[in-house]
Structures are given as structure tokens and as C-alpha cells.
Amino acid sequence: MARGGASEQAAKTTFRDVFAVAEFRALWLAQLLSVAGDQLARVALTILVYDRTRSALLAAITFVVSIVPAFVGGITLAWLADHYPRRRVMIACDVVRAVLVLVMALPGMPIAAMVALLFVVTLAGAPFISARAALYPDVLTGDSYLMGTAVTLTTFQFAQVLGFAAGGAIVGLFGIRTSLVVDAATFVVSALIVQAWVRVRPAPVTLTGRAARPSRSAGVIAGTRLVFTNRTLRTTMLFGWLAAFYNAPEGVVTPLARALGGGAIAVGVILAAQALGETAGAIVFSRFVAAPARLRSMGPLAVAASAVLVLFVWRPDLPVSLLILFASGVFAAYQLAANAAFVNAAPTEQRSQAFGLAQGGMSLGQGTVMILAGAVADHHSAASVIAVCGAVGAVVALAIAFSWARDQGHSDRQGQRPTLAPAVAAHGGFLSCRGVSGGSGLAPAVAAHRGFLSCRGVEGCGPGLAPAVAAHAALLPLSDRKNSLSNQLNALLAAVVQPGSRRTRLTPFRMPACVQTRGNLLSLAIDVIGVLCT
């Protein structure tokens, strides 16, 4: 009954319910603006470097410079969101990034200095991302949090679509510096939104003095140990890191667009295709796939997200390339389930540090793969590079999927044993009653108890145990008959446990003689019903 109610409640939770929470709306809009601005700056600088150098490797390095610092920041700066109020951390990060981007837009700024500033801008974004992710479980609870996670991932991809598409158009029409000014404006607006609508909360970790403050290195080590020793955190994090392989096209997008006969606008469209697929996939995955099915489908979808890129080996034209990238994005919707499982498994006081490590590792993987892809694309076609990255990613995803399936099977078996233990113990105690004789009239209870004995494959003490509940319910009224319950139990045992029956092996212990009294038997029956109905 409890499970059914939870599923029904999850089905009733909608996007409207999530957006009814004012704080969530503020976090959502702040994310939309920040991510869109980030993508705008990435596209602008990537196109600028490639146009001046005509080097796919340097263009890929420029794009990676806007990603890899997330790893350094996630490892070294995410702890700020655990030790200081997360709202304050988000505002400070937005202000710092806005100032740095405006400096990048100054006339005469060398490309090397712009790339270095972009590195620092991305570094400052790591605590913002960790603080925002850690705030969501405080703002949304229960099924609303799961739906909010779907909205968050969908928003991230939608913001990428806007940033990439608008970035290519704005750079083509207005130039690099205008794009950077727009990026700075998004950070300013994001800070104002958080300041106005996100509620003030104390720091998750209370610092009462220098002695209570853990060292930064100790915090980093503790967060790393937490993530890598927890089976759920570790595996779901590895699922997230697979994005490095199916996002490889972003690292060679400029030479790919040139090979397909496109310009700056084509770069934005190619980048937007995969992000648009992830947006559509996240919506469908969250609204029409049940929670248990999401966890089971993570492995197959993770493999498919990379495997579909192998089709680039045939060097398709622009429309087919966009379709392949869109399909890869749809399959990548499995990240929704991985993200929700990861954040839920992380303790509150270390949530930001754990998320920062996971996000940082993902960024490092993306940066590494993109640099390698850019280097190879200087000597081979971009389509061939994408196909190879897809093949390698599919193999790695297959290994992680097998590990996840094995872990889930182990958890199910471990979870089933303690769940069934109370029922088995009660059942054993019921069978082990001896020394009673005579009596009749227990035909309904006998039939029900036989049904209980014949139950097989009981999962989670579900409907299969209903006959046992009926049997014990039938026994309760009989306790009012003085000196008759022992005789009736004997009749029941005689009918159910025949001499020589193999089922007599199910008696793990013998009840003490004192429970044959009326009061103890009634108490035992009530306890058994409570166990079976739990």
C-alpha cells in the first residue's frame, strides 16, 4: 500500500507544482542566465581563436579552458558552499564572474589574456554550481525534488541550446566583445535574483572557532573518500563522467562545421542539436518513465548515448549529423536518474563537496577527451574523431552498466532478506507451537495459512503475505474463548504441518511455554500482524 501511494503521489507531481515554489523559480532562473552566458562566451572565444590560428587543436584547447577549471574548482573550492551560507556563495561567485568578463571585453585585450581570464571565470563558477545543487534538497522535498532535478537538467540543456545558438548568431552579427558584455550582464542579473528571492540559511557546517574549522585538505580528502567508498555515489558519478565521450563533438565543432560547409551559425546549430536532444530526453524521461525503470535503464541509455556517435564514421552531411547528435542527447537523459541518486545519497554536510568532486571529474574528463580529439582532428577528419570517441565511450559505458546491474542485484538481495526476516521469524514461531491439543473451527485460518506457506517469490512483504494477515486476523477473535486457543492451534498445526512434511523444517525456534496463556498469545498475535502489515 505504501509503495502504491508513493507511486501515485509521484505521478501527481508536475512541473507546475515545482515552479510554484518561489525559491526554486529563483534558482532556476539564475541557472538559466548563468549557463546561457557561459556558453555564449565559450562559442565567442572558440570561434575567435580558430579564425586567427586555423588550428583545431588551439580551438579545442580554448574551449577546454572554459571547462577544465571546473575540475580544479570542484575539488578545491566546493567546500566553500558547505562552510558558508550557500546563498552568499552564489552571489559572490556571480559578482566575481561579471567583473572578470567585463575585463575580457575591454578593447585591445590580447587573446592569451582573454583565455586566462576565462579560466578564472570558470574556476569561480564551481562553488556556485555546488551551492546551487546542494540547495535543491532544502528547497524541494520528496517527489517534488525528483521533478525539480528533471527541471534542473532540462534547464541546463535548454540554456546550452540558447547559449550555443545565440552565441553563433551574436558572434556572427555583432562580434566577440558584444557577446562578452551580454555574458557579464547575465551574471549580474543572476546575482540580483538570488539576492531577492532565495531565503537566507545558515552554513551547513557550524564553525565555532579556529579549532572547529577543519583544514581544507582534510575536507577534500574526506569528500573524496566519501564518494569513492560509497557504492551508489561512486557508480552514479562514473555514469556522469561518461559525458566526456558523447560530448566530444563539442571539442571539434568548428572544424566539423567547416567540413560540412557551414560558418559561425553552423557551429551554434551543431552544438545546439545535442543539447536540444538532452532537453527533450529529460522531459520524456522524467514525465513518462517510472522511478524504478529510470534506474534500470541507466546502463542501456548510457551505452546508446556514445554508441550512436559511431555513425559519424560514414561522414554524414549536416542534416544527418544534427539528427545523430540529437539522438545522442536524447539517450543522455539517463543523467537525470544518476544525478538524483547521487545527490540523495550524499550527506547534507558534505553535499557540496561531493557534488563538486563529481562535477569537477566530469569537467576534467571532458577537457581531456576534447584536447585529444582536437589534436587528432588536425590530422584526421572531425567525423572520424567523433566516431572513435563514441566507440570508446560505448565500451566504457558497458563496463559501468554491468557493474551497476551487479550492485543493484546485490542490494536487492540484501534488502529482501531483512525485509522478510520478521515474517519468517513470526511464521517459524507460529509453526513451532507445540503441546496443544483438541479444538476445531479454524478452517478459514487453515486455508489462509496454507496460502501463506505456498507463497513464493515474495518481494518486500507485498501482497503475497495478505493470506497470513487474514489468518492472524481470524485468530484474534478466538482469544476470547477461555482454554480453547491451544486446542484450535493444535488443530491448525495438525491440518497444515503433516507428520513427515518437509515444511516442518521452517521452524527455527520453539515458543516458551508461557506464551500459551491467553494474554501472551493475544500479544503475540498483535505483534505478528504488526510485522506483516509493515
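Contact means heavy atoms within 4.5 Å. I adopt that meaning throughout the entries below, which concern a predicted model.

**Entry 1: Thr186**

I looked up Thr186 and found this residue in helix α10, which covers residues 176-197. Leaving aside residues up to four places away in sequence, Thr186 touches Leu33 and Gly37. I then asked whether Thr186 is buried or exposed. Its relative accessibility is 11%, and buried means under 20%, so Thr186 counts as buried. I also noted a polar contact: the side chain of Thr186 reaches the backbone oxygen of Asp183 at 2.4 Å.

**Entry 2: α10 and its partner α7**

I next examined how α10 packs with helix α7, residues 86-104. Two packed helices are described by the angle between their axes and the distance between the axes. For α7 and α10, the angle is about 160 degrees and the axes lie 8 Å apart. Because angles over 145 degrees count as roughly antiparallel, α7 is roughly antiparallel to α10. The crossing of α7 past α10 is left-handed.

I listed the residues that meet across this pair. From α7 they include Arg87, Met90, Asp94, Ala98 and Met104. From α10 they include Arg177, Leu180, Asp183, Phe187 and Gln195.

**Entry 3: Nonpolar cores**

I turned to the largest nonpolar core, which has 70 residues. Which members touch the most other members? They are Met104, Leu180, Phe239, Leu242, Leu309, Phe312 and Tyr334. Helix α20, residues 382-432, supplies the largest share of this core, with ten residues. I recorded a second, separate core of 37 residues, with Val18, Cys93, Ile193 and Leu357 among them.

I then followed Leu242. Not counting residues up to four places away in sequence, Leu242 touches Ala302, Tyr334, Gly393, Val396, Ala397 and Ile400.

**Entry 4: Helix α12**

I inspected helix α12, residues 231-241, for burial. Its buried residues are Leu233, Thr235, Thr236, Met237, Phe239 and Gly240. At the N-terminal end of α12, Asn230 acts as the cap. A side-chain oxygen of Asn230 lies 3.0 Å from the backbone nitrogen of Thr232.

**Entry 5: The whole chain**

I closed with totals for the chain. How many helices and strands does the chain have? I counted 24 helices and zero strands. Of the 534 residues in the chain, 50% are buried. I also checked contacts between residues at least 6 apart in sequence, and 85% of these join residues at least 24 apart.

How values were computed: Residues are numbered from 1 along each chain as its sequence is written. This is a predicted model: local features need pLDDT of at least 70, side-chain atom pairs count only at pLDDT 80 or more; totals for chains, interfaces and linings use all residues. Side-chain values use heavy atoms; hydrogens and water are left out. A nonpolar core is a set of buried Ala, Val, Leu, Ile, Met, Phe, Trp, Tyr and Cys residues joined through side-chain atoms within 4.5 Å. Buried means under 20% relative accessible area, exposed over 50%, partly exposed in between (1.4 Å probe, protein chains only). Helices (H or I, at least four residues) and strands (E, at least two) are DSSP runs, numbered from the N terminus. A polar contact is a pair of N or O atoms within 3.5 Å; within protein, one must be able to donate a hydrogen and the other to accept it, and residues adjacent in sequence count only if both atoms are side-chain atoms. Axes are lines fitted to C-alpha atoms, for helices over the stretch in contact, and angles run from 0 to 180 degrees between N-to-C directions. Angles under 35 degrees count as roughly parallel, over 145 as roughly antiparallel, 65 to 115 as roughly perpendicular and the rest as oblique. A crossing is left-handed if the near helix is turned anticlockwise from the far one by less than a right angle, and right-handed if clockwise.
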